[in-house]
Every structure is written in C-alpha cells, then in structure tokens.
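The following explanation leads the reader through a structure, beginning where two chains meet and ending with a sheet and the helix beside it.

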2 protein chains.
Amino acid sequence: MARITPLSGFPEWLPHQRLAEQALVHAVQDVFELHGFVPIETRAVEPLDQLLRKGETDKEIYLLRRLQADADDNNDAGLGLHFDLTVPFARYVLENAGRLEFPLRRYQIQKVWRGERPQEGRYREFLQADIDVVDRESLPFHYEVELPLVMAEALSRLPIPPVRIQLNNRKVPEGFYRGLGIDDVTTVLRTIDKLAKVGQREVHRLLVAQGLSDGQADACLELATIQAEDTAFVEAVKRLGSSHPLLEEGLDELARVVDAGREHAPGLFVVDLSVARGLDYYTGTVYETQLVGHEELGSICSGGRYDALATDGETSYPGVGVSLGVTRLVGRLFGQNLLEVTRKVPTCVLVALADEGSRAASGGVARRLRERGIAAQVAPEPAKYGKQIRFADRRGIPFVWFPNPEGDEVRDIRSGEQVPADAGSWQPPAEDLRPRLVASSTQP
Amino acid sequence: MARITPLSGFPEWLPHQRLAEQALVHAVQDVFELHGFVPIETRAVEPLDQLLRKGETDKEIYLLRRLQADADDNNDAGLGLHFDLTVPFARYVLENAGRLEFPLRRYQIQKVWRGERPQEGRYREFLQADIDVVDRESLPFHYEVELPLVMAEALSRLPIPPVRIQLNNRKVPEGFYRGLGIDDVTTVLRTIDKLAKVGQREVHRLLVAQGLSDGQADACLELATIQAEDTAFVEAVKRLGSSHPLLEEGLDELARVVDAGREHAPGLFVVDLSVARGLDYYTGTVYETQLVGHEELGSICSGGRYDALATDGETSYPGVGVSLGVTRLVGRLFGQNLLEVTRKVPTCVLVALADEGSRAASGGVARRLRERGIAAQVAPEPAKYGKQIRFADRRGIPFVWFPNPEGDEVRDIRSGEQVPADAGSWQPPAEDLRPRLVASSTQP
C-alpha cells in the first residue's frame with residue numbers, strides 16, 4: 001500500500017479534538033434552537049449553473065464525475081460540490097417555497113468545499129454554521145439587529161477569546177457616494193475594498209483614474225477610516241459633508257444595530273466603515289467578526305442582508321444571515337492549544353474486570369450506570385488492576401469501578417480516593433458527567 | 001433561472017423532517033457515547049487507490065476535478081468521494097496509529113456518496129452512523145457480542161418498529177465446507193449469496209458446475225436454510241454431518257452471540273445461515289438487520305468482524321463494526337408517515353408583540369425564558385393577537401406569551417387555557433420543552 005499522508009487543505013482531527021469540535025457545534029446549535037431556528041441540511045452537490053451565480057467563485061468549485069461514466073449515462077456531469085451554504089439554501093427556498101413557513105428562521109451546519117490552492121489557513125473542506133432569516137417579498141429591518149446578537153450569544157457561551165463584530169451598511173457608502181455625485185458605486189466599493197492590500201495612496205490613484213475628483217477620492221477614503229463603538233460615527237460621517245436620503249437611512253440603521261449591541265455587551269459591536277467585503281451583493285447591514293487577539297486570522301463569522309437571497313422571477317426572498325467558520329475557528333484554537341475537552345473519551349467510569357468469567361457481572365454494573373446517564377465501559381481485558389487504572393488514566397476516564405460480591409467500590413483515580421458505591425445510586429460530580437469544553441490549561 | 005427540480009438520489013428533507021432526523025441521530029449518538037465510543041470525522045475525499053481497495057464498488061465512485069484545473073495544477077485529480085465510512089476509518093487508523101489509544105472505540109456519523117443509477121431506495125448521497133472497535137494485532141471475541149447489542153440498544157430507544165438482527169459467522173460455512181472437503185470456499189459463498197435472487201435449483205446447478213458433488217451441493221444448500229432464535233441451530237448444523245475445528249469454533253461463537261441477545265430481548269437476534277453478504281471479507285460474526293414489517297427494505301444496519309480492517313504491512317488492525325443506514329431508515333419512515341416530531345420548530349414559546357415599540361420588552365421576556373433553557377422567539381410583527389396565535393399554531397408552537405405591564409399571561413394554544421405567568425419562573429410541562437421524536441399519530 002502507498003504511504004499514507006494527510007491531504008493538504010482537508011483537515012482531520014484526533015478523536016479528542018473532534019469531541020471538542022462537536023461540543024462546540026452542539027453549544028452553538030443549542031443557542032440557535034433556543035432562538036427558534038429550525039435545522040435544514042442540503043445535499044452536498046448543486047447543478048453547476050446554480051453554483052456559478054456568484055461569478056467570483058467559479059475558480060474554486062469541485063466538479064463530480066462518475067469513475068465508470070460513459071457518454072450517454074453521465075447525468076451527474078453538471079454537478080459540483082457546494083462552496084458555501086447560502087447558494088444551496090437559496091435553491092432550497094425556491095424548490096420548497098410552497099411547503100415552508102415564512103419568515104423562515106433556519107440554521108445549517110455542514111461541510112463546504114473549495115478547490116483552493118492549499119496554503120496557511122486555506123481549507124479545501126471546512127465546516128460552516130449558518131443562521132438566516134428569510135421572508136417572502138419583504139423582510140423587516142429588526143432581523144438585521146437580531147441575527148448578529150444570536151451569533152454573539154452562541155459564541156459567548158464558548159470558552160474562547162472574546163469576539164468583536166464589525167459593522168457596516170451598504171446604504172452608508174452608497175448614499176455617501178451618491179451624495180457626492182458619484183454614480184458608479186460598485187466600482188468605488190471594490191476599489192475601497194483593496195485598501196488593506198494596496199494602501200491609501202494607491203486607492204486614491206485608482207479612484208482618480210476611475211474619474212473621481214481629488215476631493216471625491218479624499219472623501220471616500222476619509223469615510224473608510226471611521227470607526228466607533230457607539231453612535232459617534234454618525235456625526236463623524238456627517239462632518240464629511242455628503243448628504244443623501246440613502247445615507248440617512250443607512251446611518252440610522254447602523255446606529256440601531258450598534259446601540260442594540262452595546263446593551264448586550266460593551267465593545268461587542270464596532271462600526272467600521274472600512275469593511276467592504278461583500279458590499280457589492282449585500283444591500284443593508286454587513287458583519288465581519290474578529291477573534292480578539294487573533295485578528296490576523298481574518299473574519300471567523302461574516303454575513304449581511306441581501307434583498308434578493310433568492311428569486312424565481314416572480315417572487316423574491318430577502319434574507320439576512322451570518323455564517324460561522326467552525327473549522328477556521330477550531331483550527332486556530334487547536335493549533336495554539338487554546339481549546340480542549342476535559343477528557344479524551346465520553347466514558348466517565350471504567351468498570352474493572354477481575355477475570356473473563358466476570359464480564360457479565362462487570363457489564364451489569366456498566367449497564368446500570370448507563371441507565372442513569374453515566375457513560376461506562378468495561379475494561380477490555382482482565383489485566384492487573386494497576387494496568388486497568390492506567391488504561392483509564394491514559395484516556396482521562398476519572399473513575400474506575402471495582403465490582404465485588406461483598407460490596408462494590410469506586411475510585412477517583414485523580415485523588416486516589418476509593419469509596420463503597422452502588423451502581424444503582426452512585427453519582428459522579430456534575431462536572432465529571434460528560435467531557436466539557438474548556439479553554440486549555442496547557443496553553444504555551 | 002432554470003426551473004429548479006430535485007436531484008434524483010440526493011434526498012433532502014423539509015425542516016420538520018430534518019428536526020426528526022437530527023433527533024434520531026442525537027439519540028443514537030447519545031447511546032454510543034454512553035458506551036464510551038469517541039467521535040471521529042474523516043474528510044469526504046480519499047485518494048482513488050484507497051477507494052479501489054474494495055474492488056466490487058469501483059463503479060460507484062464520484063471523482064473530483066477542479067472546474068478551473070489546468071494541466072500542471074490538478075493535484076486533486078486522484079481524489080474521490082468516500083462511498084462508506086470503513087475505508088476512510090481504516091486509512092485514518094493507519095495515518096494516526098501512533099496518536100490513537102487502542103483498543104479504539106469510535107463512532108462516525110457522516111454522509112457518503114455512491115454514483116448509483118437512481119432507483120427506488122437507492123441513494124446517491126446518504127447518512128450513515130457507524131460504530132467500530134479496532135485493536136492492534138488481535139481483538140478479543142467479546143466485541144463481536146457487544147457491538148450489535150450497542151446498536152440494538154440505540155435503535156430500541158427510538159419510536160420506530162422493532163428490529164431483528166440476523167447473524168451468521170464466516171467460520172460456520174467455511175468450516176462446514178472444509179469439513180465436506182470443499183476447498184474453494186469463497187466461490188461457494190458467493191454462489192450461495194445468489195440464493196434469494198436465482199433460487200435453490202439454479203444455485204445447486206452452479207455448485208455442481210463448480211465441481212461439487214450432488215451431495216456436497218445439497219449439504220451447502222441445507223446449511224443455508226437453518227434459522228433459529230436460540231442455540232438450537234447448533235444441533236441442526238451438526239445433523240448435516242460435516243465436521244471441522246473451524247466449524248466448531250464458529251458454532252460456539254454464534255451460540256455466544258445469540259445467547260447474549262436473548263438476555264437483552266427475546267427475538268432480537270436470529271441466527272440465519274443464509275446471510276452471506278460480505279462473508280468473503282468478514283472473518284467472524286456478520287450482522288444484518290431487518291426492520292420488522294419492512295423486510296423488503298433490506299438491511300438497515302450491517303456489519304461484522306474483519307481480521308484486517310487495516311494493515312500497513314507490518315501491523316494489522318482487526319476490527320468489528322456495525323453501520324446504521326440513517327437515510328434508508330428515515331427515508332422509509334418519512335415516506336410512510338411513521339415518524340415525526342411533536343412540533344415543526346424548536347420554539348416552545350412565541351412572545352406576542354403588541355406594537356413595534358414593545359419589541360425590546362417582548363425580547364426581554366424571550367431572553368429570560370431562554371436563559372432557563374426554554375426556546376422562545378418574538379412574533380415577527382405586531383399583528384392582531386389572533387394572527388399571532390395562528391402563526392404559532394401553524395408551526396406547532398404550544399405557548400403564546402402576552403407581556404403586560406400589569407402582569408404577563410401565557411396561553412396554551414392547544415387547550416386555550418391562559419394563566420398569569422412570570423418569565424423568570426414559569427415552566428412548560430417537560431414533554432413540551434423540546435420537540436420530541438414520536439411515532440406518527442397520522443399514519444395511514
């Protein structure tokens with residue numbers, strides 16, 4: 001057999017890491033459900049014409065073909081793996097519109113695939129957790145306030161560094177530009193989006209080359225420097241002298257979102273008018289999310305409002321959504337030893353085995369523990385008790401149970417304390433019942 | 001946009017069905033963890049040479065290629081989607097052997113893909129839930145007793161029809177054939193596997209054509225007719241007159257499994273010596289599982305023992321595993337309206353909205369309910385209360401909450417009973433807290 005090596009860009013975790021990732025996903029999912037979001041799952045593949053609707057991603061798609069396909073039988077030839085969960089969700093909404101209740105609050109936690117060149121932080125397969133609200137024809141603004149708060153609440157439950165959600169609103173730059181007499185809003189937005197990459201001088205040069213005056217270019221660059229944790233940004237924008245009804249509307253909406261964020265947790269929301277990613281297709285608020293202290297990781301959670309998430313030509317379905325990059329987040333935290341579970345296996349109790357003839361008796365103890373929700377397994381073989389204890393220790397199993405006709409005993413192998421116990425009533429401390437997700441104690 | 005139609009073989013569920021599928025998966029997963037199985041997840045793709053190790057499935061593989069691949073840059077060309085979870089698990093064990101604790105008890109719940117021609121009950125994408133125990137060099141027999149019992153326990157917790165696990169053991173037919181002087185065991189096994197398809201006469205003809213005597217062929221066919229819910233099969237086999245140490249060993253092992261099953265639940269395990277699928281690569285006990293009353297669906301849960309799940313040429317890793325076909329199971333139950341959740345959304349309480357200015361107050365009620373684990377959402381708009389109640393009713397949300405400065409009230413919209421309530425202390429009945437998986441009450 002050929003030597004087995006990892007595939008670059010396709011991350012896999014060791015069992016205790018997957019236990020941690022899964023605990024994280026369950027915690028996030030629990031918050032989504034507490035807020036009334038329903039789960040959906042879409043197939044991994046979409047017809048290529050669906051996938052190509054977002055032009056800029058066409059380089060990243062994996063197409064399928066059947067190994068044994070012949071000319072007249074390859075009706076899978078036009079299928080590709082989805083590269084996000086938004087395109088499949090939009091298709092799902094159209095396909096099932098008559099059977100869905102609107103407004104639809106849905107979450108979706110699935111793998112996505114992108115044929116990226118492998119490089120640091122670029123995955124070819126990764127897990128995303130999306131929430132969206134979508135309605136028919138119109139969608140009230142208040143969901144643009146609610147959605148980032150739901151995601152922030154989910155993240156706040158995790159033992160991870162705090163997050164900062166950066167806000168912008170398509171209406172602010174668009175209204176601002178229009179107020180300055182600039183018509184080609186999309187081109188200016190795309191140029192401003194290059195700020196971090198090419199710098200102020202170059203962006204200024206590009207804007208002027210695109211037909212803006214020096215003053216217009218200066219104002220556009222000034223706008224992108226504005227940041228605030230409260231509504232102070234409104235006055236800062238107004239001082240730049242542009243005026244337009246759409247600008248007023250955008251400033252008002254942004255102010256409402258940042259105010260709601262401040263009630264939730266000070267410093268959680270930051271208006272940052274340099275955030276321009278996706279402003280060419282989002283139509284209202286946009287979100288990006290920094291993990292504090294890990295800003296160079298990029299946004300772990302992005303989204304926004306789109307007035308036409310989906311449309312069948314007659315009906316349009318506006319939506320607002322936020323997408324958490326689970327793999328990006330846990331990949332970073334695992335890589336820096338910042339996140340772990342309290343033990344490597346679900347097992348709380350290892351039931352010792354005196355000899356092979358006692359397997360049924362030890363199994364009975366384990367069964368009675370499980371009946372009360374305590375994860376238990378029997379030792380694999382009747383080795384010396386010291387070896388059985390080491391078996392538990394290597395996996396972080398906290399308790400070893402010794403069945404005995406004269407009275408069972410259970411040992412906490414961390415303290416060495418051993419006490420009489422009955423499998424029908426003994427309870428471990430609550431914090432030992434299940435492996436728990438914790439910030440790593442072994443961080444460097 | 002092109003008309004959107006479902007893709008044959010790629011099932012998708014409506015949100016309430018996904019809620020049911022997810023509840024089923026969580027219940028199964030919970031049992032796996034109570035038994036100390038750790039979760040792993042493998043990437044969706046494997047190198048083609050790994051996938052082709054099981055020769056018989058080569059027609060069903062989906063290969064990947066990047067849409068924009070060029071000649072010198074398509075290093076994904078040799079990748080295909082996995083068609084089961086065993087091949088990736090075997091590769092994972094070899095790749096991570098030095099970092100895993102053996103014996104490794106793992107579960108894995110993931111989608112798999114097969115490029116099948118679409119037809120009734122054949123899926124191109126489906127969800128599997130596998131448990132396996134794998135060890136280094138040798139694996140004790142007792143896991144062959146334990147694994148089907150774990151799966152049976154998981155299935156017994158679900159509101160689905162009962163299951164019957166059919167057992168055979170490779171050593172029984174192999175020892176039996178060898179005792180008759182038949183050497184080409186694999187060819188005979190594969191011929192016997194055609195029984196259901198081509199019938200006794202044709203199998204007899206084939207066996208004789210393969211060089212067996214009339215008497216040998218008769219005996220092989222007789223063996224395959226033996227069924228028993230207890231150890232009576234041992235005598236039935238012995239009456240057929242073959243004798244071989246391997247046969248003795250196989251009969252003893254089968255007897256131990258069926259005995260253990262009887263202790264668990266009478267009728268759960270059935271020895272059925274016609275079960276031959278996979279006997280060419282399994283080396284000990286094999287399992288198939290019928291959903292009682294839905295036998296024509298085929299096995300919903302299959303597996304067995306393989307002495308070389310994985311091998312790197314020096315070390316071999318024997319394993320025993322069982323795989324539950326989640327999509328096959330829920331697809332059947334959804335199709336016949338036999339399984340549902342008690343409501344269509346996770347929401348337990350809809351908080352009514354008197355007017356848009358009360359959104360913060362209603363949101364505060366919802367937050368206090370959620371803080372105590374009660375899923376709550378605010379009505380989307382301040383419609384008439386009758387309309388808000390209908391909003392809840394359509395989704396099966398059992399309670400509507402009416403905030404009121406003079407004292408909140410909550411209404412059970414099923415009974416119409418409305419009582420004073422405090423968001424900091426009110427509790428719904430336990431059965432209303434979360435949507436629960438139930439056998440459908442609307443079955444035809």
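In this predicted model, strand β3 (residues 62-66) of chain A pairs with β3(B) in the antiparallel sense, over five bridges. Within this pairing, Leu64(A) stands opposite Leu64(B) in β3(B). Strands of a sheet pair through backbone hydrogen bonds, either parallel or antiparallel.

The contact between the chains can also be described in full. Here 64 residues of chain B are in contact with 64 residues of chain A. On the side of chain B that touches chain A, two or more residues come from each of α1 (15-34), β1 (38-39), β3 (62-66), α3 (86-96), β5 (104-113), α12 (359-371) and α13 (385-395) of chain B. Among these elements, α1(B) provides the largest share, six residues. By residue class, this side of chain B divides into 28 nonpolar, twelve polar and 24 charged residues.

Attention now turns to a sheet in chain A. Five strands of chain A form an open sheet in the order β15-β14-β16-β17-β18, and their pairing is mixed. Because β15 (376-378) and β18 (418-420) of chain A stand at the edges with a single partner strand each, one side of each is left without a neighbour in the sheet. From one strand to the next, the twist averages 25°.

At one of these edges, β17 (residues 409-412) of chain A and β18(A) pair in the antiparallel sense over three bridges. The bridge partner of Arg411(A) in β18(A) is Gln418(A). Helix α13 (residues 359-371) of chain A packs on the sheet, where it touches β14 (349-351), β15 and β16 (399-402) of chain A. The direction of this helix makes about 175° with that of β15(A).

How values were computed: Residues are numbered from 1 along each chain as its sequence is written. Chains are lettered from A and ligands numbered from 1 in the order in which they are written. This is a predicted model: local features need pLDDT of at least 70, side-chain atom pairs count only at pLDDT 80 or more; totals for chains, interfaces and linings use all residues. Two residues are in contact if their C-beta atoms, placed from the backbone, lie within 7 Å. Helices (H or I, at least four residues) and strands (E, at least two) are DSSP runs, numbered from the N terminus. Ala, Val, Leu, Ile, Met, Phe, Trp, Tyr, Cys and Pro count as nonpolar, Asp, Glu, Lys and Arg as charged, and the others, Gly among them, as polar. Two strands pair if DSSP finds at least two bridges between them. Axes are lines fitted to C-alpha atoms, for helices over the stretch in contact, and angles run from 0 to 180 degrees between N-to-C directions.
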